[in-house]
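Colleague: I'd like a close look at one part of this protein, and I'd rather hear it in plain words. Here's what I have open.

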Amino acid sequence: MRLTPFDALACPLDALPLRREGRRWCCEAGHSFDVAREGHLHLLPVQHKRSRDPGDSKAMVAARERFLNAGHYQGIADAIAEAVLAGASPERPLACLDAGCGEGYYLRRLAASAGDRNVALSLMGLDISKWAVLRGARQARALHRDAQANATADATAKREGATWVVASNAKLPVQDAALDRVLCLFGFPVYAEFARVLKPGGRLLLAEVGPDHLRELREIIYPSVKEATEREPVRHPALTLEYETSVRATLSLETPEAIADLLTMTPHLYRASAEGRARAEALTSLSVTLDVRLTTLGRR
Ligand SMILES: C[S@@+](CC[C@H](N)C(=O)[O-])C[C@H]1O[C@@H](n2cnc3c(N)ncnc32)[C@H](O)[C@@H]1O
Ligand SMILES: [Zn+2]
């Protein structure tokens with residue numbers, strides 16, 4: 001795995017470039033931001049927060065971490081990595097931002113796939129949920145320790161970690177035209193910001209749920225399943241559609257814990273009635289359709 005430092009951070013207060021100085025990041029105007037003990041950075045000024053604890057809760061993040069690390073969405077992660085790495089070459093590192101990264105599963109899978117192709121990456125995981133970023137940073141540190149323990153096997157590999165940041169997609173603390181890839185996976189796209197931070201020729205990768213995603217689970221928890229309405233195409237003058245594909249598969253969940261984690265990591269937990277949730281809690285196994293749409297857009 002070849003990870004190089006992510007050096008495109010910008011000050012959230014005045015957008016000047018941030019430079020690392022030991023355990024803090026500083027801009028020329030004198031603002032500075034400490035790296036937390038867990039290794040992440042908080043770049044969400046209070047005035048940009050809509051609530052005291054924005055984004056996914058600690059319980060949602062923990063459920064998603066257990067579910068994704070069990071490998072249930074590995075096919076989706078592989079398809080995402082394939083789309084991100086299309087056209088990448090070992091000679092040129094790719095600067096990638098996962099905007100709304102959750103606990104970092106897709107960045108970890110991307111780093112592993114890039115390692116298989118000998119492509120170097122500089123990675124930033126950003127989420128508005130401090131719980132998600134904390135877990136991303138902690139898991140990355142554990143991986144880093146393991147890699148160092150095995151360093152004799154691959155002594156030449158560079159092992160810089162990803163940069164983990166609490167911030168909002170609404171105002172990315174990233175310099176203009178600095179990135180090769182932006183990923184927005186089941187998240188909250190802000191196209192103007194994504195276009196601003198992408199280099200010309202860079203790419204935005206979107207993952208969205210398709211009309212059949214988790215249909216069987218939805219049929220259990222809701223009295224009737226709402227059919228999906230036609231999706232609005234992405235409209236931004238600087239972003240053009242390059243490629244669209246669907247990942248479809250059937251997933252067999254064999255334990256009540258895995259079913260509970262799937263429900264907890266989705267918005268369905270809050271949307272379903274108490275009776276609907278009780279029906280899901282009574283299940284001991286579930287066969288469920290995965291239907292995910294991947295869209296690649298190019299930055300003009
Ligand atoms: C459905 S989760 C997907 C997480 C991750 N991409 C994954 O697929 O595992 C949506 C994520 O978006 C984050 N989020 C919500 N609003 C956001 C915002 N304005 N900026 C950045 N992240 C946001 C949530 O905290 C949550 O982690
Ligand atoms: Zn500043």
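What is the mean pLDDT of the protein chain, and how many of its residues reach 70 or more? After that, please walk me through the sheet and what packs on it.

Modeller: This is a predicted model, and the mean pLDDT of the chain is 93, with 97% of its residues at 70 or more. One stretch to treat with care is residues 153–159, where the pLDDT is below 50; that stretch still has nine contacts in the model beyond near neighbours in sequence.

Now the sheet. It is open and has eight strands, in the order β4-β7-β6-β5-β8-β9-β11-β10, and the pairing is mixed. At the edges sit β4 (41–42) and β10 (239–253), each pairing on one side only. For a closer view of one pairing, take β5 (residues 94–99) and β6 (residues 121–127): they run parallel and are joined by six bridges. Among the residues involved, L94 has L121 in β6 as its bridge partner.

Then there are the helices. Helix α2, residues 74–85, packs on the sheet and touches β5, β6, β8 (179–185), β9 (198–209), β10 and β11 (286–299). The direction of α2 makes about 165° with that of β9. Helix α4, residues 130–149, lies across β6 and β7 (163–166), and runs at about 165° to β7. So if you start from β6 on your screen, you can find β5 through the bridges, α2 through its contacts and α4 lying across β6.

Notes: Residues numbered from 1 in each chain as written. Chains lettered and ligands numbered in written order. Predicted model: local features only at pLDDT ≥ 70, side-chain atom pairs only at ≥ 80, totals over all residues. Heavy atoms only, no water. Pairing = 2+ DSSP bridges. Helix = DSSP H or I, 4+ residues; strand = E, 2+ residues; numbered from the N terminus. Contact = heavy atoms within 4.5 Å. Axes fitted to C-alpha atoms, helices over the stretch in contact; angles between N-to-C directions. pLDDT = per-residue confidence, 0-100.
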